[in-house]
Amino acid sequence: MIENLEVLRNLIIKNFNVDPTNKSRVRNIVDCKKIFALIAFKEVKGFSYTPVAKYLGYNHATLIHHVKSAKDLYQYDARFREMYSQIESQFFIANKDVAEKQIEAELILLDIRMRKLKEVYAQHNEHNLAV
């Protein structure tokens, strides 16, 4: 998860010359923090508020606030929506390899679960035939 956050941070720095870990309250910087929080919330697998908040240098309540307010800004602020879309599309492309590895891992887990379910089903049928 941390490597995804690093990729996201670097994209924001590259595109907007703003570090989302910056402590400033200037609107442009806060918007970048909110974009970071919302993309992390929506796109990073295994996301939880506390580790991401620590990564950014604040507590989980602040991150929850950023995610909620980012959703509102996305809905009503065209400039914010454009900034968000720019980073989101680049983040998806940058994380294609990571996403493929995560999908492969999920497929392996699903295969293991299917085998276990088949075993349980077979045992259940054997038990019903014996009765």
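# Helix 2 and its surroundings

Trainee: Against which helices do the buried residues of helix 2 pack?
Mentor: This is a predicted model, in which local features need pLDDT of at least 70 and side-chain atom pairs count only at pLDDT 80 or more, while totals for chains, interfaces and linings use all residues. Residues are numbered from 1 along each chain as its sequence is written, and side-chain values use heavy atoms, with hydrogens and water left out. With contact taken as heavy atoms within 4.5 Å, the buried residues of helix 2 pack against helix 1, helix 3, helix 4 and helix 5.

Trainee: How many of the 17 residues of helix 2 are buried?
Mentor: Helices are DSSP runs (H or I, at least four residues; strands are E, at least two), numbered from the N terminus, and buried means under 20% relative accessible area, exposed over 50% and partly exposed in between (1.4 Å probe, protein chains only). The buried residues of helix 2 include Lys33 and Lys34 alongside Ile35 and Phe36. Helix 2 is mostly covered, and of its 17 residues the number that are buried is 12.

Trainee: Which residues does Asp31 contact, leaving aside its neighbours within four places in sequence?
Mentor: Asp31 is placed in helix 2, and it counts as buried because its relative accessibility is 1%. Beyond those neighbours, Asp31 is in contact with Leu73, Arg79, Phe80 and Met83.

Trainee: Which element gives the largest share of the largest nonpolar core?
Mentor: A nonpolar core is a set of buried Ala, Val, Leu, Ile, Met, Phe, Trp, Tyr and Cys residues joined through side-chain atoms within 4.5 Å, and the largest one here has 30 residues, with Ile35 and Phe36 among those that have the most contacts inside it. Two or more residues come from each of helix 1 (2-16), helix 2 (27-43), helix 3 (49-56), helix 4 (60-76) and helix 5 (78-94). The largest share, 8 residues, comes from helix 2.

Trainee: How is the aromatic pair of Tyr74 and Tyr84 arranged?
Mentor: Rings of Phe, Tyr and Trp (its six-membered ring) pair if their centres lie within 6.5 Å, and planes under 30 degrees apart count as stacked, over 60 as edge-to-face and the rest as tilted. The structure holds 3 aromatic pairs; in one of them, Phe41 and Tyr49 have ring centres 6.0 Å apart and planes at 20°, so that pair is stacked. For Tyr74 and Tyr84, the centres are 5.2 Å apart with 75° between the planes, and the pair is therefore edge-to-face.

Trainee: How far from the centre of the ring of Tyr74 is the charged end of Arg81?
Mentor: Tyr74 is partly exposed, with a relative accessible area of 32%, whereas Tyr84 is buried, at 1%. A charge sits over a ring if NZ of Lys or CZ of Arg is within 6 Å of the ring centre and within 35 degrees of the ring normal. The charged end of Arg81 sits over the ring of Tyr74, and its distance from the ring centre is 6.0 Å.

Trainee: What is the radius of gyration of the protein chain?
Mentor: The chain has 6 helices and 0 strands, and its C-alpha trace spans about 75 × 30 × 30 Å along the principal axes. The radius is taken over C-alpha atoms, and the globule rule is 2.2 Å times the number of residues to the power 0.38. That rule gives 14 Å for 131 residues, and the chain is more spread out than a compact globule because its radius of gyration is well over this, at 21 Å.
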